[in-house]
Amino acid sequence: MDHWKRVEAAIEGRKADRVPVALWRHFPVDDQDPAKLAARTLEWQKKWDFDLVKFMPSGTYSVEDWGARSVYEGAANGARAVSEPGVKRAGDWRRLPRLDPAKGVLGAQNGALARAAKELRGSVPILQTVFSPLTTARKLAGEALAEHLRGEPDALEAGLRAITDTTVAFALAALEAGAHGMFFATQLATTDLLSVAEYQRFGVRFDLEVFKSLKEKTRVNMLHVHGENIMFDVLAGYPVEMINWHDRLTAPTLKEALGKFEGAVVGGVEERGLLVSGAEAAVRAQVRDAIAQTGGRRLMVGPGCVAAIAAPEQNIRAVIEEARMQR
């Protein structure tokens with residue numbers, strides 16, 4: 001089987017020649033240059049031959065054209081931090097313009113993806129990272145988002161309208177650039193940050209607008225639900241083929257998720273600690289456990305979130321080899 005057939009078999013619950021596997025990581029500093037980001041992406045894929053490429057622009061790309069500034073401070077996962085928010089007062093949401101996805105930082109990300117996609121020639125699914133509108137709003141305002149959401153909800157909704165329209169335009173441009181779908185990431189679908197009712201109003205309705213706009217234009221989409229105490233049951237009905245979350249850190253387990261979600265679950269590898277400093281045998285044991293939980297069906301072995309940049313090659317290799325050994 002090739003990468004596409006293997007991934008499609010996992011989504012449909014059919015037996016494949018082996019369980020598909022993919023890991024992804026940031027490329028700090030290099031992710032500020034489209035040519036370098038494309039080159040690092042290709043280098044990563046050619047070295048490990050993953051069954052899916054999750055394109056890895058900077059985690060702050062979606063807010064910089066709205067005036068936010070970011071810096072890389074040496075985070076273990078390679079992510080940049082917002083150093084100056086783009087929205088400082090609730091009234092700023094009403095003045096947020098819709099952005100042209102062909103220009104600025106947004107345009108650079110799809111330009112980088114286009115370079116990588118041209119070289120990969122459709123041999124493997126490639127997903128552009130797209131943040132949920134509410135996640136982008138939080139990156140724009142930081143901790144002030146909760147205050148605005150509860151104190152000035154109409155203003156925030158006006159901003160979410162502009163963000164959603166921009167997100168749709170960016171995602172459509174990504175497909176034109178060669179992406180086969182989205183890695184759609186939400187970082188606020190957790191009761192640690194919001195109530196379910198709040199996420200329904202400010203999250204779900206705008207998330208689903210994005211998916212509706214892309215209906216029948218994508219081949220495969222993956223939903224990433226970030227954090228602990230996540231609202232898995234709320235999001236399990238999203239129109240995506242694959243779902244990813246920190247399954248080693250928060251409920252549900254992979255096995256439990258198969259009863260809640262119809263597509264393929266992605267995970268099994270704890271990316272923060274074990275993948276970085278764990279023994280190779282322990283890494284392999286996690287992969288075997290993930291396959292045992294699912295019977296090797298409707299599973300892609302992967303990290304719960306972005307892999308730490310310090311993950312040693314022997315542990316990356318252990319994940320890949322163990323997944324490929326299991327039938």
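**Exercise 1. The second largest pocket**

Task: In this predicted model, find which residues lie nearest the centre of the second largest pocket, and which elements line the pocket.

Solution:
- Start with the lining. The second largest pocket is lined by 15 residues.
- Go to its centre. Arg 25, Trp 44, Trp 48, Glu 313 and Ile 316 lie nearest.
- Assign elements. Helix 2 (34-48) and helix 13 (313-325) each give two or more residues to this lining.
- Find the main contributor. Helix 2 has the largest share, with five residues.
- Sort by class. The lining has ten nonpolar, no polar and five charged residues.
- Add the volume. The second largest pocket holds about 190 Å³ of space.

**Exercise 2. Two helices that meet**

Task: Describe how helix 2 and helix 13 pack, and state which residues meet.

Solution:
- Two packed helices are described by the angle between their axes and the distance between the axes.
- Take the two values. Helix 2 and helix 13 pack at about 50°, and their axes are 11 Å apart.
- Classify the angle. Roughly parallel needs an angle under 35 degrees, and roughly perpendicular runs from 65 to 115. The pair is therefore oblique.
- List the contacts. From helix 2 come Trp 44, Lys 47 and Trp 48. They meet Glu 313, Ile 316, Arg 317, Ile 320 and Arg 324 of helix 13.
- Sort by class. The contact has four nonpolar, no polar and four charged residues.

**Exercise 3. The largest pocket**

Task: Give the volume of the largest pocket and work out what lines it.

Solution:
- Volume: about 700 Å³ for the largest pocket.
- Lining: 35 residues, with Ala 79, Arg 80, Lys 139, Gln 187 and His 226 closest to the centre.
- Elements: strand 3 (81-84), strand 4 (126-131), helix 5 (133-141) and strand 5 (181-186) give two or more residues.
- Main contributor: helix 5 gives the most, three residues.
- Classes: the lining has 14 nonpolar, 13 polar and eight charged residues.

**Exercise 4. Unusual backbone spots**

Task: Locate Glu 216, Asn 229 and Pro 252, and say what marks the backbone at each.

Solution:
- Glu 216 sits in the loop between helix 8 (196-213) and strand 6 (222-225). Its phi is positive, about 65°, although Glu 216 is not a glycine.
- Check exposure. Exposed means over 50%. Glu 216 has a relative accessible area of 76%, so it is exposed.
- Asn 229 lies in the loop between strand 6 and helix 9 (232-235). Phi of Asn 229 is also positive, near 55°.
- At 42% relative accessible area, Asn 229 is partly exposed.
- Pro 252 is in the loop between strand 7 (242-245) and helix 10 (254-258). The peptide bond from Ala 251 to Pro 252 is cis, with omega near 0°.

Definitions and conventions
Residues numbered from 1 in each chain as written. Predicted model: local features only at pLDDT ≥ 70, side-chain atom pairs only at ≥ 80, totals over all residues. Heavy atoms only, no water. 1 Å grid on protein atoms, 1.4 Å probe; cavity = no way out; pocket = protein on both sides within 12 Å on 5 of 7 lines; lining within 4 Å. Points joined across faces, edges and corners; volume = space filled by probe spheres on them. Helix = DSSP H or I, 4+ residues; strand = E, 2+ residues; numbered from the N terminus. Nonpolar A, V, L, I, M, F, W, Y, C, P; charged D, E, K, R; others polar. Axes fitted to C-alpha atoms, helices over the stretch in contact; angles between N-to-C directions. Parallel < 35°, antiparallel > 145°, perpendicular 65-115°, else oblique. Contact = heavy atoms within 4.5 Å. Buried < 20%, exposed > 50% of the residue type's maximum accessible area, 1.4 Å probe, protein only.
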